[in-house]
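Grab a coffee and open the viewer: here are some short exercises to work through with the structure in front of you. Try each task yourself before you read its solution.

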Amino acid sequence: MARELSGVVWVERFPTSKSTKTLVDGFRQKCEAFLAALKDAGASVNINATLRPPERAYLMHWSFAINNGEVEPEDVPPHAGVDIEWVHRKSNGSPDLAASRAAAAAMVEGYDIAHPPSLKSLHIFGKAIDMSIEWDGALKIKQKNGTRKTIGSLPRSGLNHELWTVGATYGVIKLPSDPPHWSSTGH
């Protein structure tokens, strides 16, 4: 079977789940309890990603690396089940680095990648969730032990450090360097 050229067409393939039902047992219950506490407190939550197929992680990782000039398209290793051709060619058959990087850039934009994607992300194992969290005023949220914590500090989003401590009581740990990313370990 012929390999298909890289480009935005790959973005819709191997979709990432946005459901907590696809998270692994144990972490799923922790996330659902934290999400229920957020909802009960009046926060707005938008889940962007939970379980990510390894094929999608591969495509995201390597399109980002090619786009950033970290690797040459011909040096990207193959991945089982992903018949992608990263090397675009000129009419004379020689590699077209500009076209290869442009296709990778289109993929990065299509995936809406902001941070370097990992090949070993906890999303692949159902142990991570990307979500946007917002609220108005003070957030009075129940911690895992049942006590309520009032968060009046800014920002009123998932970037609030006080919210991170509440998430940790549930076993949902914030990765500080990646705004929407929460996981079982904080990585």
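## Exercise 1: Leu122 and its surroundings

Setting aside neighbours up to four places away in sequence, Leu122 is in contact with Lys127, Ala128, Ser183, Ser184, Thr185 and His187. Keep in mind that this is a predicted model.

**Task.** Find where Leu122 sits, and decide whether Leu122 is buried or exposed.

**Solution.**
- Start with the position: Leu122 belongs to the loop between α3 and β4.
- Next, look at the accessible area. Buried means under 20% relative accessible area, and Leu122 has 17%, so Leu122 is buried.
- Finally, pick one of the partners, Ser184. Leu122 and Ser184 are 62 residues apart along the chain, and their C-alpha atoms are separated by 8.2 Å.

## Exercise 2: The chain as a whole

**Task.** Work out how many helices and strands the chain has, and in what pattern they follow one another.

**Solution.**
- Count the elements: there are four helices and eight strands.
- Now read along the sequence, which gives β-α-β-α-β-α-β-β-β-α-β-β.
- For the dimensions, take the principal axes: the C-alpha atoms fill a box of roughly 70 × 30 × 20 Å.
- The chain has 187 residues, and 43% of them are buried.
- Last, consider contacts between residues at least 6 apart in sequence: 66% of these join residues at least 24 apart.

## Exercise 3: One face of a helix

**Task.** List the buried residues of helix α4 and explain how they are arranged around the helix.

**Solution.**
- Helix α4 covers residues 161-170, and its buried residues are Leu163, Trp164, Val166, Gly167 and Tyr170.
- Look down the axis of α4: these buried residues fall within an arc of 160 degrees, so they line one face of the helix.
- Then ask what covers them. The cover includes helix α1 (27-41) and the strands β4 (128-134), β5 (139-142), β6 (148-151), β7 (173-174) and β8 (181-183).
- Check both ends of α4. At its start, a side-chain oxygen of Asn160 comes to within 2.7 Å of the backbone nitrogen of Glu162. After the helix comes Gly171, with a positive phi near 90 degrees.

## Exercise 4: The largest pocket

**Task.** Describe the largest pocket: its volume, its lining and the residues nearest its centre.

**Solution.**
- The largest pocket holds about 720 Å³ of space.
- Its lining has 27 residues, and those nearest the centre are Arg52, Met60, Asp112, Asp130 and Asp178.
- Sort the lining by character, and you get ten nonpolar, ten polar and seven charged residues.
- Trace the lining back to the fold: β2 (44-49), α2 (54-67) and α3 (97-111) each contribute at least two residues.

## Exercise 5: Backbone exceptions

**Task.** Say what is unusual about the backbone at Phe14, at Asp112 and between Leu154 and Pro155.

**Solution.**
- Recall the general rule: most residues other than glycine have a negative phi, and most peptide bonds are trans.
- Phe14 is not a glycine, yet its phi is positive, at about 55 degrees. Phe14 lies in the loop between β1 (4-5) and α1, and its relative accessibility of 24% makes it partly exposed.
- Asp112 is not a glycine either, and its phi is positive, about 60 degrees. Asp112 lies in the loop between α3 and β4 and is exposed, at 66% relative accessibility.
- The peptide bond from Leu154 to Pro155 is cis, with omega near 0 degrees. Pro155 is in the loop between β6 and α4.

## Exercise 6: Ser100 and Pro179

**Task.** Determine where Ser100 and Pro179 are placed, and which residues each one touches.

**Solution.**
- Ser100 is in helix α3 and, with a relative accessible area of 2%, is buried.
- Leaving out residues up to four places away, Ser100 touches Ile66, Pro73, Trp86, Val87 and His88.
- Pro179 is in the loop between β7 and β8, and its relative accessible area of 35% makes it partly exposed.
- Beyond neighbours within four places in sequence, Pro179 is in contact with His115, Leu159 and Lys174.
- To finish, try two distances, C-alpha to C-alpha. Pro179 and Gly158 are 21 residues apart in sequence and 7.3 Å apart in space, while Ser100 and Ser153 are 53 residues apart in sequence and 46 Å apart in space.

Terms used:
Residues are numbered from 1 along each chain as its sequence is written. This is a predicted model: local features need pLDDT of at least 70, side-chain atom pairs count only at pLDDT 80 or more; totals for chains, interfaces and linings use all residues. Side-chain values use heavy atoms; hydrogens and water are left out. Buried means under 20% relative accessible area, exposed over 50%, partly exposed in between (1.4 Å probe, protein chains only). The arc is that of the directions from the helix axis to the C-beta atoms. Contact means heavy atoms within 4.5 Å. A polar contact is a pair of N or O atoms within 3.5 Å; within protein, one must be able to donate a hydrogen and the other to accept it, and residues adjacent in sequence count only if both atoms are side-chain atoms. On a 1 Å grid over the protein atoms alone, a cavity is a set of points where a 1.4 Å probe fits but cannot get out, and a pocket is an open set with protein on both sides within 12 Å along at least five of seven lines; lining residues have an atom within 4 Å of a point. Grid points are joined across faces, edges and corners, and a volume is the space filled by probe spheres set on the points. Ala, Val, Leu, Ile, Met, Phe, Trp, Tyr, Cys and Pro count as nonpolar, Asp, Glu, Lys and Arg as charged, and the others, Gly among them, as polar.
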